[in-house]
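This report looks at a predicted model. It takes up the strands, then the paired aromatic rings, and then the empty space between the atoms.

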Amino acid sequence: MSTTLSQTKIAFVGAGSMAEAIIRGLIETKVADPHNLYVMNRSDQDRLAFLRSEYGLQATSDPLTKETFLREADVVVLCMKPKDVENAFAELQPLLNEQQLLVSVIAGLSIAKTEALLQTNMPIVRTMPNTSSTIGLGATGMSFSSKVNATFRQVATQMFEAVGIVTIVEEEKLEILTGVSGSGPAYVYYFMEAMIKAGIEGGLTAEDAHQLTLQTVLGAAHMVQLTQENPAELRRKVTSPNGATQASIEALDRFQFSEAISQAVFRSAERAKEMGEQIAAPSPVAKSS
């Protein structure tokens with residue numbers, strides 16, 4: 001297979017927001033050709049029609065066409081929810097081959113369990129993108145099975161760089177990465193909710209509280225990015241002794257703000273692992289005599 005994605009045929013199993021985010025990134029960055037992108041789901045025809053119209057790709061829920069898409073694909077991307085894995089894998093197992101690259105976007109599902117469920121030795125890339133991928137500012141963690149060669153590594157990395165940054169880690173680090181960047185946007189939104197609420201309670205209009213909070217978070221993130229300074233050092237620089245900011249940091253410390261964030265990260269990691277462990281093996285398919 002070519003080391004570029006322009007001629008690579010990519011089949012997405014699942015047509016949700018993460019599949020669309022990757023597709024949009026591939027097309028907008030001109031990394032992939034829409035005619036080489038296949039999308040399939042079980043039954044949502046409206047969703048498939050939208051994706052065809054919006055991106056010019058091929059989309060279907062027809063079993064025979066899905067089979068054709070899967071057999072023709074160079075890369076198969078698994079974008080289904082963990083609860084749908086059992087049924088989806090039972091259908092996929094006879095249609096995949098070891099010359100293809102399998103990319104999993106399924107939270108918590110290990111490479112070893114994917115191999116066992118699909119009864120395959122095909123090369124597997126396990127990924128954990130986050131929702132900011134939908135606007136091209138994603139952070140994706142990525143791990144490779146031992147079967148993934150240099151060409152496939154480049155293809156997988158290029159796919160997710162189309163929607164943000166890629167961090168390659170050992171697989172056992174993917175759960176904690178889920179806690180930091182996978183669930184991370186939700187912590188920031190929750191923090192922003194609290195700031196907006198406090199602003200309104202203090203007398204600001206809802207619009208002003210929203211805009212001030214948004215610009216504050218945006219500015220702080222850009223400051224870290226542009227200065228390349230440690231956030232702790234930037235915090236110290238804006239915290240004058242006995243000033244208003246110091247008083248506010250002390251209030252956060254009284255409520256164990258730092259510990260709460262740490263616990264959120266670790267609980268997210270723990271839950272991701274639990275979700276993977278709860279995925280059941282597919283029921284054996286009876287062979288005809």
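Eight strands form an open sheet with mixed pairing, and their order across the sheet is β3-β2-β1-β4-β5-β6-β7-β8. The two edge positions are taken by β3, residues 58–60, and β8, residues 164–168. Each of these edge strands has a single partner strand, so one side of β3 and one side of β8 are left without a neighbour in the sheet. On average, and with direction ignored, neighbouring strands of this sheet are turned by 20° against each other.

At the β3 edge, the pairing can be followed down to residues. Strands β2 and β3 run in the parallel sense where they pair, and three bridges connect them. Met40 has Thr60, in β3, as its bridge partner.

Strand β2 also takes part in an aromatic contact. Across the whole structure, a search finds two aromatic pairs, which are set out below.

| Aromatic pair | Distance between ring centres | Angle between planes | Class |
|---|---|---|---|
| Tyr38 and Phe69 | 4.4 Å | 10° | stacked |
| Phe191 and Phe257 | 6.2 Å | 50° | tilted |

The planes of Tyr38 and Phe69 stand at 10°, and planes under 30 degrees apart count as stacked, so this pair falls in that class. Tyr38 belongs to strand β2, residues 37–40, while Phe69 belongs to helix α3, so the pair ties together parts that are 31 residues apart in sequence. Both rings sit on buried residues: Tyr38 has a relative accessibility of 3%, and Phe69 has a relative accessible area of 7%.

For Phe191 and Phe257 the planes are at 50°, which lies between the limits of 30 and 60 degrees, so the pair is tilted. This pair links distant parts of the chain, with Phe191 in helix α8 and Phe257 in helix α12, 66 residues apart. Are these two residues buried or partly exposed? Phe191 counts as partly exposed at 35% relative accessibility, and Phe257 likewise counts as partly exposed at 35%.

Helices α3, α8 and α12, which carry three of these aromatic residues, also appear in the description of an open pocket. The second largest pocket has a volume of about 1000 Å³, and 41 residues line it. Among the lining residues, Val13, Gly14, Cys79, Met80 and Lys81 lie nearest the centre of the pocket. The elements that give two or more residues to this lining are α1 (17–28), α3 (63–72), α4 (85–92), α7, α8 (184–201) and α12 (257–278). By class, the lining of the second largest pocket is made up of 21 nonpolar, eleven polar and nine charged residues.

Enclosed space is a separate matter from this open pocket. With a threshold of 30 Å³ or more, the count comes to one cavity, and the largest cavity has a volume of about 40 Å³. The lining of this cavity is formed by Ile106, Ala107, Gly108, Arg126, Thr127, Met128, Leu174 and Thr178. Two elements, β6 (124–128) and α7 (174–182), each give two or more residues to the cavity lining, and β6 supplies the largest share, three residues. Of the residues lining the largest cavity, four are nonpolar, three are polar and one is charged. Helix α7 therefore takes part in both settings, since the elements giving two or more residues include α7 for the second largest pocket and for the largest cavity.

Terms used
Residues numbered from 1 in each chain as written. Predicted model: local features only at pLDDT ≥ 70, side-chain atom pairs only at ≥ 80, totals over all residues. Heavy atoms only, no water. 1 Å grid on protein atoms, 1.4 Å probe; cavity = no way out; pocket = protein on both sides within 12 Å on 5 of 7 lines; lining within 4 Å. Points joined across faces, edges and corners; volume = space filled by probe spheres on them. Helix = DSSP H or I, 4+ residues; strand = E, 2+ residues; numbered from the N terminus. Nonpolar A, V, L, I, M, F, W, Y, C, P; charged D, E, K, R; others polar. Phe/Tyr/Trp six-rings, centres within 6.5 Å; stacked < 30°, edge-to-face > 60°. Buried < 20%, exposed > 50% of the residue type's maximum accessible area, 1.4 Å probe, protein only. Pairing = 2+ DSSP bridges. Axes fitted to C-alpha atoms, helices over the stretch in contact; angles between N-to-C directions.
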